[in-house]
Amino acid sequence: MTVFQEARENVVEVKGPKPPAVRLLAVLIGIVAVAAGLLALSVTTVPAGHKGVLLQFGAVRGVWDEGLHFKIPFAQNVVLMDVRVQKSETDAAASSKDLQVVKSTVVLNYHIDPERAADVYQRLGVDFASKVVNPSVQEVFKAITARYTAEELITLRQKVSEETKALLAERLRPYGIVVDGYNIVNFDFSDEFNKAVEEKLTAEQKALKAQRDLERVKVEAQQKIEQAKAEAEALRIQREQITPELLRLREIEVQRMAVEKWDGKLPNVTGGAVPFLPLPEGR
C-alpha cells in the first residue's frame, strides 16, 4: 500500500455524519438568510416627487405617497409615477390660414395630477408622453395654426401661444395630465415667404420715410408762412405808429443833425445852374 492510498483512507474515515450542533447552526443560518431576503422584498421606498401605484397580482390596489412602505413579497409590486413638472420639446409642422407651410419647435411643461396617478397608469402606463402628450401637441398646433395667416402668427404670437395652451390643457385634462406652460420657441417659413416679408418691410420703411419727409416739408412751409405773417404784422404795426407829428419830429431831427455837421461854409454849387462865387475878403 502506498502512502497516497493510506492518506486517502484516512480522509474517508474523517468524513461522516455531521454533529447535531453543526446541522442546527446551518439551518439557523439558512432561516436568517431567507428572513432577511423576505424582509428586503417586503420593504419599498417612494422617493420625493413620485407616487407609488400598488399592484397586487397585476391589479391596481391603491396609491402610496412618499416614504417607506411594506408590501407582500411576490404578491405585491409598486410602480413609481413621477408627478413633478416635466418638459416635452416637439418639432411641429402645419399650414397657416393662407396655406403657408409653418414649422416650429414648441416646449410644453406638464405634470401628472397626483390624485389620478393610478388612473394614468391604468389607461396609459408609464410611457404616457409618447402615447398622449406628443400627439396632442402636434394636433393642437395644427388646429390653432390653421386659424391665422402666416403674418398673424408672427404679429399675434402671444395670443397664438395662449390659445394653444388653453386648447392643449383641455385635450390632456381627461387623461389626468395638467398643463403648466406652453412656449413657441420659433416659427420657420419657406424662403419665398421670408423674401416676400423682407420686401414688404422694405417698402413700408420707404413709405414711412417718404411720409416723414412730406411732413417735414409741410412743417418747414408752415414755419415760413408763420414767419412771413409775423413780419407783415410787424410792418403793419410800424405803419400804424407813423403819424404826421412823428414825421415832422424826424424831419426836425435830421435838420438839426445836418446843422451840427455844417462847417460854416456855403456850398459852391446848389441845386440850380448858377454857382456861388466866393466874395473877396476885405470888401
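Asp 119 is partly exposed, at 24% relative accessibility. In this predicted model, its partner is Arg 116: the two form a salt bridge, with the closest N and O atoms 2.9 Å apart. Arg 116 also counts as partly exposed, again at 24% relative accessibility. Side chains of opposite charge can pair when their charged atoms come close.

Asp 119 falls within the residue range of helix H3, which runs over residues 117–124. Now look at the buried side of that helix. Ala 117, Ala 118, Val 120 and Leu 124 are its buried residues. Viewed down the axis of H3, they fall within an arc of 165 degrees, so they line one face of the helix. What does that face pack against? The buried residues of H3 pack against four strands and a helix: strand E2 (50–56), strand E3 (59–64), strand E5 (76–82), strand E7 (101–112) and helix H4 (128–145). Just after H3 comes Gly 125, with a positive phi of about 80 degrees.

Strand E2 leads to another charged pair. Lys 51 forms a salt bridge with Asp 65, and here the closest N and O atoms are 2.4 Å apart. Lys 51 lies in strand E2, while Asp 65 sits in the loop between E3 and strand E4 (67–70), so the pair ties together parts that are 14 residues apart in sequence. Are the two partners buried or exposed? Lys 51 counts as buried, because its relative accessibility is 16% and the cut-off for buried is under 20%. Asp 65 is partly exposed, with a relative accessible area of 44%.

A further salt bridge joins the side chains of Glu 89 and Lys 87, at 4.0 Å from N to O. Both of these residues are exposed. The structure holds seven salt bridges, among them the pairs Asp 119 with Arg 116, Lys 51 with Asp 65, and Glu 89 with Lys 87.

Now step back to the whole chain. Its secondary structure comes to eight helices and eight strands. The chain has 283 residues, and 24% of them count as buried. The exposed area is about 20,600 Å², of which carbon and sulfur atoms supply 59%. How much of the contact network links residues 24 or more positions apart? Among contacts with a separation of 6 or more, such pairs account for 65%.

Technical notes. Residues numbered from 1 in each chain as written. Predicted model: local features only at pLDDT ≥ 70, side-chain atom pairs only at ≥ 80, totals over all residues. Heavy atoms only, no water. Buried < 20%, exposed > 50% of the residue type's maximum accessible area, 1.4 Å probe, protein only. Helix = DSSP H or I, 4+ residues; strand = E, 2+ residues; numbered from the N terminus. Arc of directions from axis to C-beta. Contact = heavy atoms within 4.5 Å. Areas by Shrake-Rupley, 256 points an atom, 1.4 Å probe, with all protein chains shown as cover.
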